Amino acid sequence: MEFIIDNAIFIGLALASGLALIWPILTNSNAGMPSVTPNEAVLLMNRAKLFILDVRDDTEFAAGHIQGAKHIPVAKLEERIQELAKQKNKPVLVVCQRGVRSNAACKVLAKHEFAQVSSLAGGLDKWIEAKMPLVKD
């Protein structure tokens with residue numbers, strides 16, 4: 001007990017630093033949902049029949065998107081989920097602008113028993129930063 005009293009400051013610092021290390025894990029909004037970097041996404045596109053789902057709004061999608069991406073805004077995903085029924089057992093990459101909406105969409109897809117769902121880490125912003133191509137329809 002004397003040790004704890006004599007070293008209370010150091011013990012407090014150790015506990016605070018431990019909490020600081022695990023805080024990102026505890027507050028991760030993507031908890032349980034895998035994410036892939038733009039480079040990993042390209043590898044998946046080349047190796048597997050990757051289905052890309054873009055959940056941004058219409059204006060963002062029209063400004064540029066990943067080639068071959070299916071567009072369903074995240075707000076309409078629940079009501080349009082049947083359009084994706086054929087993709088349930090395929091790897092699905094969900095894309096938005098920064099990664100927040102895609103995490104929400106991944107949770108919706110997981111709820112509907114999609115087998116292999118992942119989010120593009122950092123969204124299209126990271127895709128562009130990695131100098132990956134976009135197309136406009």
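The exercises below go through the sheet, a helix packed on it, a buried loop residue and the salt bridges of a predicted model.

Residues count from 1 along each chain as its sequence is written, and side-chain values rest on heavy atoms, without hydrogens and water. Because the model is predicted, local features need pLDDT of at least 70 and side-chain atom pairs count only at pLDDT 80 or more, while totals for chains, interfaces and linings use all residues.

**Exercise 1. Confidence**

Task: State the mean pLDDT of the protein chain and find where pLDDT stays under 50.

Solution.
Step 1. pLDDT is the predictor's confidence in each residue, from 0 to 100. The protein chain has a mean pLDDT of 88, and 93% of its residues reach 70 or more.
Step 2. Over residues 27–31, pLDDT stays under 50. For this stretch the model has four contacts (heavy atoms within 4.5 Å) beyond four places in sequence.

**Exercise 2. Strand order and pairing**

Task: Give the order of the strands in the open sheet, and work through the pairs.

Solution.
Step 1. Helices (H or I, at least four residues) and strands (E, at least two) are DSSP runs, numbered from the N terminus. Two strands pair if DSSP finds at least two bridges between them.
Step 2. The five strands follow the order β1-β5-β4-β2-β3, with parallel pairing. β1 (35–36) and β3 (70–71) are at the edges with a single partner strand each, so one side of each has no neighbour in the sheet.
Step 3. β1 is joined to β5 (residues 116–120) by two bridges; S35 has S119 as its bridge partner, and V36 stands opposite L120.
Step 4. Four bridges pair β4 with β5 in the parallel sense, with P91 opposite Q116 of β5.
Step 5. β2 and β4 run parallel and are joined by four bridges; here I52 stands opposite L93 in β4.
Step 6. Two bridges pair β2 with β3, and D54 has H71 in β3 as its bridge partner.

**Exercise 3. Burial of the strands and the packed helix**

Task: Describe the burial of β5 and β2, then find which strands helix α5 touches.

Solution.
Step 1. Buried means under 20% relative accessible area, exposed over 50%, and partly exposed in between (1.4 Å probe, protein chains only).
Step 2. Four of the five residues of β5 are buried, so β5 is largely enclosed by the rest of the structure.
Step 3. In β2, F51 and L53 point one way, I52 and D54 the other way, and all are buried.
Step 4. Helix α5 (residues 100–111) packs on the sheet and touches β2 (51–54), β4 (91–95) and β5. The direction of α5 makes about 175° with that of β5, where axes are lines fitted to C-alpha atoms, for helices over the stretch in contact, and angles run from 0 to 180 degrees between N-to-C directions.

**Exercise 4. The surroundings of Q97**

Task: Place Q97, decide whether Q97 is buried or exposed, and list its contacts.

Solution.
Step 1. Q97 sits in the loop between β4 and α5.
Step 2. The relative accessibility of Q97 is 14%, so Q97 counts as buried.
Step 3. Apart from neighbours within four places in sequence, Q97 is in contact with R56, E60, G122, G123, L124 and D125.
Step 4. The side chains of Q97 and D125 form a polar contact of 2.7 Å. A polar contact is a pair of N or O atoms within 3.5 Å; within protein, one must be able to donate a hydrogen and the other to accept it, and residues adjacent in sequence count only if both atoms are side-chain atoms.

**Exercise 5. Salt bridges**

Task: Count the salt bridges of the whole structure and locate the partners in several of them.

Solution.
Step 1. A salt bridge is a side-chain nitrogen of Lys or Arg within 4 Å of a carboxyl oxygen of Asp or Glu. The whole structure has seven salt bridges.
Step 2. R101 and E60 form one, with the closest N and O atoms 2.9 Å apart. R101 is in helix α5 and E60 in helix α4 (residues 58–63), so the pair ties together parts that are 41 residues apart in sequence. R101 is partly exposed at 25% relative accessibility.
Step 3. D125 and R98 meet in another, at 3.4 Å from N to O. D125 lies in helix α6 (residues 123–129) and R98 in the loop between β4 and α5, 27 residues apart. D125 is partly exposed at 30%, whereas R98 is exposed at 60%.
Step 4. E129 and K126 meet at 3.6 Å, N to O. Both lie in helix α6, three residues apart, about one turn of the helix. E129 counts as exposed at 56%, and K126 as partly exposed at 39%.
Step 5. K70, R80 and E83 are joined into one network by salt bridges that share partners.
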